[in-house]
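Got your viewer open and a cartoon on screen? Let's take a walk through this one, selection by selection.

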Amino acid sequence: MTACPMCSRWETNFDLQIIELQHSYVTLNRDQYFPGYTLLFTKDHVTELFHLERSERSSLMEEVSIVAKALHGIYKPSKINYELLGNMVPHIHWHIVPRFSSEPLWPRPIWAEQHEERLLLPHEQQQHIETIRRALS
Ligand SMILES: [Zn+2]
């Protein structure tokens with residue numbers, strides 16, 4: 001078991017795994033207050049986009065785009081938000097979040113205000129994961 005919280009997230013949260021891509025891992029966020037909220041994080045320990053070789057960066061951005069496109073097709077949001085902060089863990093990771101103009105938080109960032117966590121039942125969670133995985137494969 002690795003000490004890195006992001007590596008161990010993939011290894012230990014089997015129930016949230018969506019798909020492994022060439023440069024990244026894609027998982028469902030456990031809190032589904034925003035339906036379809038997905039995380040994509042690099043396999044490598046890298047903290048800045050400019051640390052990557054151009055070709056690797058392009059491939060990674062392509063992976064972000066295909067995940068966002070899949071989420072857009074499934075959830076039909078008003079907008080996809082991409083949040084890349086990386087202050088807590090040494091992996092570039094995106095919060096890829098379908099956003100709806102009907103939300104109480106719209107149009108502010110997802111972290112603008114605290115909200116109740118929405119944890120899905122295991123079979124609901126599995127349904128979201130399988131739908132997203134199918135759209136990606
Ligand atoms: Zn790691």
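Before clicking anything, note that this is a predicted model. Then select Lys76, in the loop that links helix 2 (54–75) to strand 4 (79–84). Check its backbone: phi is positive, about 50°, although Lys76 is not a glycine. That deserves a look, since most residues other than glycine have a negative phi. Is Lys76 buried or exposed? Lys76 counts as exposed, because it has 10 C-beta neighbours inside 10 Å, and the cut-off for exposed is 12 or fewer.

Next, the sheet. Colour the five strands and read across them: the order is 1-2-3-5-4, the sheet is open and the pairing is antiparallel. Which strands are at the edges? Strand 1 and strand 4, each of which pairs on one side only. Turn the view and follow the twist, which averages 20° from one strand to the next.

Zoom in on strand 2 (24–28) and strand 3 (38–42). These two run antiparallel and are joined by five bridges. For a place to centre the view, pick Thr27, which stands opposite Leu39 in strand 3.

Now add the helices that pack on the sheet. Helix 1 (residues 5–12) touches strand 1, strand 2, strand 3 and strand 5, and its direction makes about 65° with that of strand 2. Helix 2 also packs on the sheet, touching strand 2, strand 3, strand 4 and strand 5. The direction of helix 2 makes about 20° with that of strand 5.

Move on to helix 3 (122–136). Helix 3 has 15 residues and spans 21 Å from its first C-alpha to its last, close to the 21 Å expected at 1.5 Å a residue. Show side chains for His128, Ile129 and Ile132, which are buried. Look down the axis: the buried residues of helix 3 fall within an arc of 95°, so they line one face of the helix. What covers them? The cover includes strand 1 (17–20), strand 2, strand 3 and helix 2. Flip to the face turned away from the buried side and you'll find the exposed residues Pro122, His123, Gln127, Glu130 and Arg134.

Last stop: select Trp106 and Pro107 together. The peptide bond from Trp106 to Pro107 is cis, with omega near 0°. Most peptide bonds are trans, which makes this one a good place to linger. Pro107 itself is in the loop between strand 5 (93–99) and helix 3.

Methods:
Residues are numbered from 1 along each chain as its sequence is written. This is a predicted model: local features need pLDDT of at least 70, side-chain atom pairs count only at pLDDT 80 or more; totals for chains, interfaces and linings use all residues. Helices (H or I, at least four residues) and strands (E, at least two) are DSSP runs, numbered from the N terminus. A residue is buried if 20 or more other C-beta atoms lie within 10 Å of its own, exposed if 12 or fewer, and partly exposed in between; C-beta atoms are placed from the backbone. The expected span of a helix is 1.5 Å times one less than its number of residues. The arc is that of the directions from the helix axis to the C-beta atoms. Two residues are in contact if their C-beta atoms, placed from the backbone, lie within 7 Å. Two strands pair if DSSP finds at least two bridges between them. Axes are lines fitted to C-alpha atoms, for helices over the stretch in contact, and angles run from 0 to 180 degrees between N-to-C directions.
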